[in-house]
Structures are given as structure tokens and as C-alpha cells.
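Okay, everyone, thanks for squeezing me in. Let me put the structure up and talk you through a few spots in it.

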Amino acid sequence: MPVEIPRDFRRVIIAASVGNVIEWYDFYIFGSLAAILSVKFFEQSHPVAALLSTIALFTAGFLIRPLGAFLFGWMGDRVGRKYTFLVTLSGMGLGTGAIGLIPTYESIGLAAAFILFGLRMIQGLCLGGEYGGAITYVAEHVPDERRGYYTGWLQTSPTLGIVGSLAVIIVVRTYFGEAAFNAWAWRVPFLISFLLVAVAIYIRLQLQETPIFTEIKARGQMTGNPWREAFLSANIKYVGIATLVLIGQGVVWYSGQFWALYFLQQVSKVDPLSSAYIVGAALLIAAPSMIFFGWLSDIIGRKPVILGGMLVAAITYYPLYLWLGTVTQPGHINYPVAIFVVFILVCYVGMVYGPVGAFLAEYFPGRIRYTSVSVPYHIGNGWGGGLVPFVTSAAFAATGSIGSALIYPIAVPAVCFVLCLFLMPETRKISIWQPLEPTAAT
């Protein structure tokens with residue numbers, strides 16, 4: 001007999017999404033202020049090396065995310081979805097806020113960089129457990145036939161988190177002025193995290209455990225060892241296929257949303273405030289594309305939407321970034337066109353990202369869903385996508401060529417598209433409201 005879908009699932013989606021927005025704000029405030037952090041925490045004899053060191057730290061936060069997925073995935077399948085992502089949220093908020101309190105390189109030397117590295121690792125570990133919890137929590141509350149649409153709302157949260165980080169930076173930079181911001185007010189966006197995480201914890205404390213996990217627990221059918229059941233069984237095949245999908249998705253995600261900001265600041269030499277306006281406006285306008293493509297995947301399937309996004313991104317990145325470069329020359333910025341180009345890039349993100357939460361939730365059984373969703377997601381996004389800022393920036397610094405910088409963002413989605421065309425299953429018609437099935441989708 002299927003578990004009953006709760007009536008208040010829309011409130012659940014809103015509460016989970018708000019917490020997720022704040023957690024992604026925490027993670028991306030670091031990347032948004034990479035140029036400032038490179039000055040404050042690294043020796044400045046070679047500014048490019050200092051910037052790349054900061055971007056490498058940003059990337060390291062992604063690379064450690066699969067470890068967080070392993071740790072918190074186990075906890076989510078053994079202890080519960082709700083309490084696990086309360087722990088990850090708390091760790092993320094405290095790790096971010098503490099960055100605003102670190103003495104600079106000028107004050108304590110190399111120790112400043114080591115402390116920053118430690119806090120970035122805490123961020124990465126906690127984020128590794130957040131997404132699997134949030135997407136599993138939402139998916140285990142909503143009806144099968146509209147899972148893409150409702151999880152699409154949650155998928156807007158990283159984009160809105162970036163918008164939030166950019167908005168806070170714009171307000172603080174404008175209020176205090178450029179000199180004060182560069183001197184000390186850059187700390188304010190990090191310190192705000194303490195307040196935001198308190199709000200998010202309060203919101204999430206009001207939520208209940210998911211009905212599917214509650215039913216599995218009540219029937220005594222929880223997994224004894226999520227790691228063994230997820231990775232040392234036939235399920236490892238599905239984890240591998242999901243990872244491949246997520247690598248392509250992750251590279252499109254970061255190439256479209258995050259490298260656009262780096263491109264404007266490092267390639268086109270647009271000032272930080274103007275680049276924040278361009279990217280922030282485009283992200284805000286394009287955020288509903290996550291919901292639209294999630295909804296579309298409920299009608300035509302997860303696979304055609306996700307793979308369509310990979311294909312169109314691989315084909316059009318080079319001309320789009322060339323176009324963006326021509327309309328963002330210093331002193332001659334065409335704001336409407338620049339926003340439109342970034343909007344297109346973010347719509348590609350909507351195609352690959354909007355339906356992927358529903359795909360992952362449907363692909364794995366409830367008893368090991370948290371672990372099985374978290375690990376592929378954070379390998380794909382943390383390793384595949386997380387390398388985009390570092391690889392593209394390093395390639396451009398070495399060659400000065402946009403084409404060289406885009407080799408990675410173009411090649412990875414293209415290869416993943418070809419492989420997933422044959423390996424990725426369609427999951428749209430799979431019901432997760434039969435939570436006791438022991439094997440993954442075939």
C-alpha cells in the first residue's frame with residue numbers, strides 16, 4: 001500500500017528552499033569576493049598567482065564535497081533527512097560567518113591562508129550533505145506526476161543564493177564606499193551569514209520528517225549500512241550512470257552561472273559592481289527557467305530536457321562568450337545585451353538542472369536515497385563543475401585565449417551527452433511512493 005502524500009507539501013517546499021538559498025549564499029559569497037580575498041589572505045608579489053590561489057581554495061571547497069556526501073548521506077539514511085540537513089546548515093553558516101572574523105595575511109602571515117582553507121573545507125563538507133537532504137526531503141513530499149515541477153522550485157535556490165550574495169555585496173559596497181569595502185567592509189557579507197543561518201534553522205525546525213522515511217523506519221526496513229548497500233552492490237552501476245549525468249550537468253551549471261562572472265571581471269575587465277549587476281539581473285530573470293524545465297520534464301521526460309541542455313551548451317558556448325566579450329568592453333558596456341547573453345547561459349542551466357533533482361530521487365530506492373543522491377551529485381558538481389572556475393581562469397591566464405578557456409566547458413558536456421544518450425534511463429514514470437523496493441530503477 002503506498003504512503004499517503006501529505007497535504008502541506010507546498011509549505012515544505014518553501015521552507016526547504018529558503019534554507020537552501022541561505023546555504024548557497026554562504027557557499028558563493030566566497031567566490032563572489034575571490035578578488036578581495038586574494039588580496040587579504042595571500043602574499044601579493046604576484047597578483048595573478050594570489051587570485052589563482054583563491055580560486056583554487058574555492059575549487060577545493062567543491063573537491064571535498066563528495067566526502068561530505070559520504071558522511072552526511074550515511075547520517076541521512078540512518079538518522080533521518082530533517083536532522084541531517086539541520087546539521088549541515090549549522091556547519092555551513094558558522095564556517096561562513098567565521099571567515100568574516102579571520103585576521104588578514106598582513107596581521108598573522110601564512111596562518112591566515114591556512115585558517116581560510118580550514119573554514120572552506122567545513123563549508124564544502126557541509127554542502128556535501130545539504131543537497132541530497134534538500135532534494136530527497138522535497139521529493140519525498142510531492143506527487144509523482146508533478147515531481148519535476150515542484151523540485152524545480154528547489155532547484156532555483158542555488159541561483160537565488162548567488163543573486164543574494166551579489167545583492168548583499170552591491171548594497172554593502174555602495175553603502176560603505178569602495179575604499180571602506182576594500183579595507184574592512186568586505187567582512188560584512190560573511191558576518192551576515194550568522195543572522196541568516198539562525199533564521200534558516202528556525203524555519204527548518206518547524207518541519208517534520210518525510211512520510212517515506214517515517215514509513216521505512218516504522219516497518220523496520222531501514223538500511224543497516226547505507227555505504228555498503230549503495231556502493232558495494234548492484235546499485236553502484238546506477239551511481240556511476242548518475243555521476244556521468246551530473247558531471248555534464250555540473251559543468252554546464254558552473255560554466256553558465258559562475259564563469260560568466262569571472263569572464264566579465266577577468267577577461268572583459270568590467271568593474272566588480274557592474275559585473276554583479278549584469279550577472280545578478282540575468283540570474284534573477286532566468287531563475288524561473290529551473291521551474292519551467294522541471295515542469296517540461298514532467299511532460300516529455302527528464303532525459304530529453306537534460307541532454308538537450310548539454311548539447312545546446314556545447315554547441316553555442318564559444319559564440320555566446322565571444323558575443324558577451326564584444327558588448328562588455330570597458331567604457332562601452334551594452335547592459336541589456338550583456339544581461340540577455342548571460343540569461344541565455346542560465347537558461348541552459350535551467351535545462352540541465354531543473355529536472356535533475358526529480359531524476360535522482362526517482363532513480364534510487366528510499367532506504368538509500370540520501371546517500372545515493374548525494375554522492376553522484378557532489379562528484380559531478382563538486383569535481384566536474386567545481387573545476388570550471390579554476391580550469392577556465394588558469395587556461396585564460398596562460399593563453400589569453402577565450403577558445404582555450406572554453407575547451408573544458410565545451411568538451412565535457414559534449415562527451416557526457418554522447419555517453420548519456422545510451423546509458424541514462426528515463427525515470428519520469430517511476431513512483432517513489434512505493435518506498436520498500438530494494439533495487440534502483442533499471
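So, look at helix α18 and what it packs against: its buried residues sit against α7, α8 (147-176), α13 (235-267), α16 (302-326), α17 (335-353) and α19 (369-385). This is a predicted model, by the way, so keep that in mind throughout. Helix α18 itself runs over residues 356-363, and eight of its eight residues are buried, so the rest of the structure largely encloses it. If you want to click through them, the buried ones are Val356, Gly357, Ala358, Phe359, Leu360, Ala361, Glu362 and Tyr363. And yes, for those of you already squinting at the list, Glu362 is among the buried residues.

Now over to one of those packing partners, α7. That helix covers residues 111-139, and Glu130 is in it. Buried or exposed, what do we get for Glu130? It's buried, with a relative accessible area of 0%; the cut-off for buried is under 20%, so there's no ambiguity about the label. What does its side chain pair with? Thr88: the two side chains make a polar contact of 3.3 Å. If you skip neighbours within four places in sequence, Glu130 touches Asn20, Glu23, Phe85, Thr88 and Arg204. So Thr88 turns up in that contact list as well as in the polar pair.

Next stop, Leu67. You'll find Leu67 in helix α4, residues 65-78. Its relative accessibility is 44%, which counts as partly exposed. Here's a pair to display: the C-alpha atoms of Leu67 and Gly128 are 7.0 Å apart, with their positions 61 residues apart along the chain.

Okay, zooming out. The chain has 22 helices and two strands. Its radius of gyration is 21 Å, close to the 22 Å from the globule rule for 442 residues, so we can call it as compact as a globular protein of that length. Along the principal axes, the C-alpha trace spans about 65 × 45 × 35 Å. Of the 442 residues, 62% count as buried. On contacts, take those with a separation of 6 or more: 86% of them are between residues 24 or more positions apart.

Last bit, surface and charge. Accessible surface is about 15,700 Å², and carbon and sulfur atoms account for 71% of that. There are 25 positive and 20 negative side chains, with the centres of the two sets 2 Å apart.

That's my tour. Happy to rotate to whatever you'd like to see.

Definitions and conventions:
Residues numbered from 1 in each chain as written. Predicted model: local features only at pLDDT ≥ 70, side-chain atom pairs only at ≥ 80, totals over all residues. Heavy atoms only, no water. Helix = DSSP H or I, 4+ residues; strand = E, 2+ residues; numbered from the N terminus. Rg over C-alpha atoms; globule rule 2.2 N^0.38 Å. Buried < 20%, exposed > 50% of the residue type's maximum accessible area, 1.4 Å probe, protein only. Contact = heavy atoms within 4.5 Å. Areas by Shrake-Rupley, 256 points an atom, 1.4 Å probe, with all protein chains shown as cover. Lys, Arg positive; Asp, Glu negative; His and termini not counted. Charge placed at Lys NZ, Arg CZ, Asp CG, Glu CD. Polar contact = N/O pair within 3.5 Å; in protein donor to acceptor, adjacent residues only side chain to side chain.
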